[in-house]
Amino acid sequence: MREDEKSLNPDFSRRGFIGTALAATGFAVAAGPVNAQAISTDSTGLAAGPQMIGTLPAYVARPASGSNLPTILVVQEIFGVHEHIRDVCRRLAKLGYLAIAPELYFRQGDPSTVSDIPTLLKTIVAQVPDAQVLADLDAAAAWAAGHGGDAKRLGITGFCWGGRISWLYAAHNPKLKAAVAWYGRLVGDASENSPRHPIDIAGQLKAPVLGLYGGADQGIPLDSIERMRSAAKVAKVKTEIVVYTDAPHAFHADYRPSYRALPAQAGWQRLQDWFKTYL
């Protein structure tokens with residue numbers, strides 16, 4: 001653990017979580033080889049590191065000083081809170097936000113120990129109930145409000161699996177002020193753990209949502225994006241969905257071959273503008 005991480009939560013190792021993915025360095029094994037282009041954001045001027053929120057492990061990054069900070073919940077990809085998600089938190093902290101990435105699979109398993117995506121999806125991801133995830137995000141937001149965050153300026157962003165969750169959370173929490181969903185699945189079959197999908201709650205959105213999608217995403221058909229646009233027209237808040245024509249799924253994931261610099265950078269700028277507007 002780096003010195004700047006120790007300062008955030010000095011008793012973290014005594015909680016017995018130091019051996020898990022959140023305390024480890026590096027990227028999830030199942031995500032594959034890490035590209036040399038992976039962005040690395042330092043912690044200069046930040047307080048950043050693992051944090052326990054009750055029994056919920058999380059990674060938190062924030063400016064080293066200041067209070068009443070706008071808060072962003074950062075929701076993981078299927079790979080959990082690995083280095084890319086931690087880096088996103090540090091990027092947001094550099095912009096003046098208190099960024100929290102809760103480890104939303106911790107009850108079901110440790111994604112860092114799984115070496116392939118099919119096994120990860122079957123043994124961990126599919127076992128995580130949406131209701132549990134939304135409750136854990138509520139707990140993270142409540143913790144932030146008591147630890148330097150401004151409860152009146154709460155946002156959320158998420159990637160892939162976390163993009164879908166960001167849509168759901170925008171219909172769940174009336175205190176949320178803004179959401180940015182990166183290539184989150186919009187439609188799907190109902191199940192016990194996932195009874196509703198973004199298309200099902202589009203008219204119930206309580207916060208403005210910006211959706212960022214790839215036109216070459218083979219897992220999210222363009223017709224599902226158009227259906228979501230149409231369904232969200234009845235929402236009482238603003239929604240906007242931007243499609244980057246030639247971008248594949250996970251175009252923001254700079255550590256993977258799917259990364260596309262231009263749409264990733266454009267999307268990141270849109271995220272900043274969205275949060276500045278609504279937070």
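**The largest pocket and the residues around it**

Good morning. I begin with the largest pocket, where 23 residues form the lining and I78, L121, V125, W161 and R185 are the ones nearest the centre. Please bear in mind throughout that the model is predicted.

The space in this largest pocket comes to about 580 Å³. Its lining, sorted by class, is made up of 11 nonpolar, 7 polar and 5 charged residues. Two helices deserve mention here: α3, residues 117-123, and α5, residues 161-172, each contribute at least two lining residues.

Let me stay with W161, since this residue belongs to two parts of the account. It is among the residues nearest the centre of the largest pocket, and it is also a member of the largest nonpolar core. That core holds 88 residues, and V74, I100 and W161 are the members that touch the most others. As general background, nonpolar side chains in soluble globular proteins tend to be buried together.

Which residues does W161 contact, beyond its neighbours within four places in sequence? They are V75, Q76, E77, I78, L104, Y105, V125, V128 and V133. Of these contacts, I78 and V125 are also listed among the residues nearest the pocket centre.

Next to W161 in the numbering is C160, in the loop between β5, residues 149-159, and α5. The phi angle of C160 is near 60 degrees, a positive value in a residue that is not glycine. A250 likewise has a positive phi near 60 degrees without being glycine. A250 sits in the loop that runs between β8, residues 239-244, and α8, residues 261-278. Is A250 buried or exposed? Its relative accessible area is 2%, so it counts as buried, the limit for that class being under 20%.

I turn now to E77, one of the contacts of W161, and to the histidines that touch it. H82 is placed in the loop between β3, residues 69-75, and α2, residues 83-94. The side chains of H82 and E77 are joined by a polar contact of 3.0 Å. H82 is classed as buried because its relative accessibility is 4%. Setting aside residues within four places in sequence, H82 contacts G26, F27, A28, E77 and Y255.

The second histidine, H84, is located in helix α2. With a relative accessibility of 2%, H84 is therefore buried. Not counting residues up to four places away, H84 touches F27, E77, R91, H252, A253, D254 and Y255. F27, E77 and Y255 thus appear in this list and also among the contacts of H82. By way of contrast, V237 lies 153 residues from H84 along the chain, and their C-alpha atoms are separated by 30 Å.

Helix α2 also contains R86. What joins the side chains of R86 and E83? The link is a polar contact of 3.1 Å. R86 is a charged residue, yet it counts as buried because its relative accessibility is 3%.

Finally, I mention D200, which is found in helix α6, residues 198-201. At 41% relative accessibility, D200 counts as partly exposed. Between D200 and W182 there are 18 Å from C-alpha to C-alpha, and the two are 18 residues apart in sequence.

To close, I return to W161: this residue lies among those nearest the centre of the largest pocket, and it is one of the three members with the most contacts to others in the largest nonpolar core. Thank you.

Technical notes: Residues are numbered from 1 along each chain as its sequence is written. This is a predicted model: local features need pLDDT of at least 70, side-chain atom pairs count only at pLDDT 80 or more; totals for chains, interfaces and linings use all residues. Side-chain values use heavy atoms; hydrogens and water are left out. A nonpolar core is a set of buried Ala, Val, Leu, Ile, Met, Phe, Trp, Tyr and Cys residues joined through side-chain atoms within 4.5 Å. Buried means under 20% relative accessible area, exposed over 50%, partly exposed in between (1.4 Å probe, protein chains only). Contact means heavy atoms within 4.5 Å. Helices (H or I, at least four residues) and strands (E, at least two) are DSSP runs, numbered from the N terminus. A polar contact is a pair of N or O atoms within 3.5 Å; within protein, one must be able to donate a hydrogen and the other to accept it, and residues adjacent in sequence count only if both atoms are side-chain atoms. On a 1 Å grid over the protein atoms alone, a cavity is a set of points where a 1.4 Å probe fits but cannot get out, and a pocket is an open set with protein on both sides within 12 Å along at least five of seven lines; lining residues have an atom within 4 Å of a point. Grid points are joined across faces, edges and corners, and a volume is the space filled by probe spheres set on the points.
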